[in-house]
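Colleague: Could you walk me through this one? I am still learning to read structures, so please take it step by step.

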Amino acid sequence: MKLRMVPKEVFEVMDLNGQFNYHWSPDAVFSLVGLGTSYLLEFFEFYGDAISKYYDRFVKNTAFEDDRFHTFISQERRHAAAHKMLNLFMTKKYLPPAREKYHPRVYDFMYPTYKEFVEPIIAGIEEDAAKGMTLDSPHFREALKSIAIFETEVCMAAFSFFENLFDKGKITHIINQSQNLGVLYLFGYHYAEEMEHCHVSIETYETIYGEKLWTQKEVDNYLNNADILTRRIINATLFVARELGAEVSVRQIAFRLPAKNRMVAVGFNANDPQINSRIHYFVEKWDSEWEPLLRAKIHEEIKRRQVA
Ligand SMILES: [Fe+2]
Ligand SMILES: [Fe+2]
């Protein structure tokens, strides 16, 4: 796992000003879905960061401590920082995010998620901790589980991102069609790291609690609409579209989301040799080929603008 830097030129061509063009991919609705997802990623990265404080309290210096968990959280903190400017820009005409007791940046449309998801878990951990519980806190267990589920979902999203937009030479077409290479780069960088650390939270949960994460029951639960992302991506995308003055329907958004039943199978673990080699392939491609190509195109774009 590496801590990659987002070069400042990426933000330069992102045009977080009146020139901002949201069509970072050839498909307008898919572009909006990506920007909606940007808010969810940031929101859950802060949630992960909050839970990592309890990880430090409960797991550090026990036999379960895993250095990779700290690296995973460091990657997430950097992701949140990288998305913050973009997210703030898109909502600038409206209210800035509010600081809540257990989350520093809650946009209005994420407030229900804060209340139904974050607050009960973290308040619960606090109550459990006051009773002297650590790893045996049922709320801490729920928190680690929710992170592992979320991370699996993001990992699946990363697979479809690279498969549909970058792999097998598709990137050339996407770069030519993209009207915002900065946003395209941001997602490439983010999803590469998501794949890279996908296994960490799953293994953390499985090792500490001695059970598999993706049991039949958990997969059923996920398929029966209890996944963390789908409904929230729809809400966030509607919000983004309104902010950007774009017209989009729930049907159009839902059509862009990957089919859930193709995603997680019973026993899913990102360290499974087949999954692992796919992850390795995409991350390697990002570092050695796609990232340098995208960066070169961004430099070309900057030069072109200077001449114009
Ligand atoms: Fe992330
Ligand atoms: Fe992640």
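Modeller: Let us begin with a single residue, lysine 168, which is exposed because 6 other C-beta atoms lie within 10 Å, and the cut-off for exposed is 12 or fewer. Please keep in mind throughout that this is a predicted model.

Colleague: Where is lysine 168 found?

Modeller: Lysine 168 sits in the loop that runs between α5 and α6, the latter covering 170-177.

Colleague: And what is phi of lysine 168 near?

Modeller: Phi of lysine 168 is near 55°, which is a positive value in a residue other than glycine. As background, most residues other than glycine have a negative phi.

Colleague: What about aspartate 15, where is its place, and what is its phi near?

Modeller: Aspartate 15 has its place in the loop between α1 and α2, and its phi, near 60°, is likewise a positive value in a residue other than glycine. Aspartate 15 is partly exposed, because 16 other C-beta atoms lie within 10 Å, and that count falls in between the limits of 12 or fewer for exposed and 20 or more for buried.

Colleague: Changing topic to helices: at what angle do α7 and α11 pack?

Modeller: Helix α7, residues 181-209, and helix α11, residues 273-307, pack at an angle of about 165°, and their axes are 10 Å apart. That angle makes α7 roughly antiparallel to α11, because angles over 145 degrees count as roughly antiparallel. The crossing in which α7 passes α11 is left-handed.

Colleague: Which residues make the contact?

Modeller: On the α7 side they include Leu181, Leu184, Tyr185 and Gly188, while on the α11 side they include Phe282, Trp286, Trp290 and Leu294. Sorted by class, the residues of the contact of α7 with α11 are 13 nonpolar, 1 polar and 4 charged.

Colleague: What is tyrosine 185 in contact with, leaving aside its neighbours within four places in sequence?

Modeller: With those neighbours left aside, tyrosine 185 is in contact with Val10, Leu294 and Ile298. Tyr185 also appears in the largest nonpolar core, which has 85 residues, and there it is among the residues that touch the most other members, together with Leu40, Cys155, Ala158, Phe162, Leu186 and Met195.

Colleague: Which helix supplies the largest share of this core?

Modeller: The largest share comes from α5, with 17 residues.

Colleague: And how do the axes of α4 and α5 cross?

Modeller: The axes of α4 and α5 come within 7 Å and cross at roughly 145°, and the crossing is left-handed. Among the residues that make the contact are Ile121, Gly124 and Ile125 of α4, together with Pro138, Phe140 and Ala143 of α5. By class, the contact of α4 with α5 has 5 nonpolar, 3 polar and 2 charged residues.

Colleague: One more topic, distances: how many Å apart in space are aspartate 56 and histidine 70?

Modeller: From C-alpha to C-alpha they are 9.1 Å apart in space, with their positions 14 residues apart in sequence counted as the separation. Aspartate 56 lies in helix α2 and counts as partly exposed, with 14 C-beta neighbours inside 10 Å.

Colleague: Is glutamine 274 buried or exposed?

Modeller: Glutamine 274, which is found in helix α11, is exposed, with 7 other C-beta atoms within 10 Å. The C-alpha atoms of glutamine 274 and arginine 57 are separated by 35 Å, and these two residues are 217 residues apart along the chain.

Conventions: Residues numbered from 1 in each chain as written. Chains lettered and ligands numbered in written order. Predicted model: local features only at pLDDT ≥ 70, side-chain atom pairs only at ≥ 80, totals over all residues. Axes fitted to C-alpha atoms, helices over the stretch in contact; angles between N-to-C directions. Helix = DSSP H or I, 4+ residues; strand = E, 2+ residues; numbered from the N terminus. Parallel < 35°, antiparallel > 145°, perpendicular 65-115°, else oblique. Left-handed = near helix turned anticlockwise from the far one by under 90°. Contact = placed C-beta atoms within 7 Å. Nonpolar A, V, L, I, M, F, W, Y, C, P; charged D, E, K, R; others polar. Core = buried A, V, L, I, M, F, W, Y, C linked by C-beta atoms within 7 Å.
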